[in-house]
Amino acid sequence: MRPGRTSDETIVARATAGGQAAIALIRLSGPLSKPIVVRALGISADLLEPRRPHLGTFHDVRDEALDQVLVTWFPEPHSYTGEEVVEISCHGSPFICRSIVAACLARGARTAEPGEFTRRAFLRGKLDLVQAEAVRDLVASQTEYQASLARQQLRGRLGRELRPIRENLIDILAQLETRLEFVEEDVDPESREKLVGGIEQVDEGLQRLSRRYATARAIREGAMVVLAGRPNAGKSSVFNALVNDERAIVTEIPGTTRDALREWLDVGGLAVCLVDTAGIGRGGDLLVEEGMKRSKRHIEEADLVLFVVDSVAGFGTEDELLLETISTKPFVVAMNKTDLVSAPAVPAGVRERARDVLEISAKTGVNLEKLADVVQRSVLGAEGFEKEPALITNLRQLGCIEEARGSLAAGRAALQEGLSEEFICYDLRRALEALGELTGETTTEDILGRIFSTFCIGK
């Protein structure tokens, strides 16, 4: 929030997207919300009943009729922000919306800053910080999984999983601080061992959350899936078949693809950036060499590699060399051109290392739908993210978890070395503060400003 601004001011903004629409919604929050609207409608305040829409004509400060509107009043604390809130449904003309907002400003409101409605909901205890971030993610969601993940966060799933971890840490701190009060009692070796075990249990809980970040990031930001293979294995044909468009040039000449092609797909609710790369083989001219370098760079950045193999030619030396390049990444083997050969041979070692091996035909479409399912399952895990417990969804949350784990490690080391309880308590309090920063129980104005500035105005 800008300097000089306070949370007891009344704010107003259009809450629906700009441009023309059949209906638009304008939201006010703050102590003047109801008086402003009552004056604009020219009615008695008693006619506005809680959570009951009221039909009326909205007027500007010169008493000119602007539009027939539906007005709903939400008294505090039973509103989105926890303050007095009024929502005005009007016709979606940009001119009408601007005129209604201007009339509210003229009667004492001010324009809301980005994310200010949700920020007020957080400050009033209606949401924790993770839930507030989930509001932004839900508005920005473009696939089924993105929306589902945001809804899970909005329901407080992460906060519920963190609660017992945090309470265990508080119990350990309480034991140590009690001993500080009674300095004549040293922590005996057996008690130290139990406390170390307790800290390790807390750390294990946080480590589980940290490991799930990759899944959440793939859902929230989309997964990068790279097609790799030797020249003429049919990568571009597979790419075209999956995107259902002739995006890549396909010829019988090996090495047609020189630079990467990208296309975003919705794969069963998962956003996937599919990348077609140049074939990796024995090398050639400068263009071929540069294409292969770029292909290897894309493989390094991939969340999943689709290793396309020519079933007719079978696994050759070039495939084996390429396998070494991609083996550090999760990969799926797609045996292409199975319309020309039956039961292509796949070395046992390849089957063991791959997430899956699938026989496909880019030409006839055989198993392409199954390939999309394999991609989704390989990125999200065998059971999908919905079976996962809570996920941390952004780098801020991951940073808080890792900071807490670092402080826990320092506290555990101090305990094992037999240092005074004061040193141990200091580290464990730092861990507790990091968890509080994650949910917003302890935070700073700078952090809040950075988070809520990424929201749209009106949310």
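1. In this predicted model, the buried residues of helix α8 (residues 213-221) are Tyr-213, Thr-215, Ala-216, Ala-218 and Ile-219. Gly-222 follows α8 and has a positive phi, near 95°.

2. Strand β7 (residues 223-228) contains Val-225. With a relative accessibility of 0%, Val-225 counts as buried. Beyond its neighbours within four places in sequence, Val-225 is in contact with Val-272, Cys-273, Leu-274, Val-275, Leu-304, Leu-306 and Val-375. The C-alpha atoms of Val-225 and His-298 are separated by 9.3 Å, the two residues being 73 residues apart along the chain.

3. Asp-137 lies in helix α4 (residues 129-140). Is Asp-137 buried or exposed? Its relative accessibility is 13%, and because buried means under 20%, Asp-137 counts as buried. When neighbours within four places in sequence are left aside, the contacts of Asp-137 are with Ala-150, Arg-220 and Thr-393.

4. An open sheet is formed by 6 strands, in the order β3-β4-β5-β2-β1-β6, with mixed pairing. The edges are occupied by β3 (54-59) and β6 (110-111); each has a single partner strand, so one side of each is left without a neighbour in the sheet. Helix α2 (residues 94-106) packs on this sheet and touches β1 (11-14), β2 (21-29), β3, β4, β5 and β6. The direction of α2 makes about 150° with that of β5.

5. Within the sheet, strand β4 (residues 65-74) and strand β5 (residues 85-92) run antiparallel and are joined by 5 bridges. Val-71 stands opposite Ile-88 in β5. Helix α3 (residues 116-123) lies across β1, β2 and β6, and runs at about 135° to β1.

6. The pair formed by helix α14 (residues 395-416) and helix α15 (residues 421-439) also deserves comment. How are α14 and α15 oriented to each other? Their axes come within 8 Å and cross at roughly 165°. Since angles over 145 degrees count as roughly antiparallel, α14 and α15 are therefore roughly antiparallel to each other. Their crossing is left-handed. On the α14 side, the contact is made by Arg-396, Gln-397, Cys-400, Ile-401, Glu-403, Ala-404, Ser-407, Leu-408, Ala-410, Gly-411, Ala-414 and Leu-415. On the α15 side, the contributing residues are Ile-424, Asp-427, Leu-428, Arg-430, Ala-431, Ala-434, Leu-435, Glu-437 and Leu-438. The residues of this contact comprise 13 nonpolar, 3 polar and 5 charged.

Terms used: Residues numbered from 1 in each chain as written. Predicted model: local features only at pLDDT ≥ 70, side-chain atom pairs only at ≥ 80, totals over all residues. Heavy atoms only, no water. Helix = DSSP H or I, 4+ residues; strand = E, 2+ residues; numbered from the N terminus. Buried < 20%, exposed > 50% of the residue type's maximum accessible area, 1.4 Å probe, protein only. Contact = heavy atoms within 4.5 Å. Axes fitted to C-alpha atoms, helices over the stretch in contact; angles between N-to-C directions. Parallel < 35°, antiparallel > 145°, perpendicular 65-115°, else oblique. Left-handed = near helix turned anticlockwise from the far one by under 90°. Nonpolar A, V, L, I, M, F, W, Y, C, P; charged D, E, K, R; others polar. Pairing = 2+ DSSP bridges.
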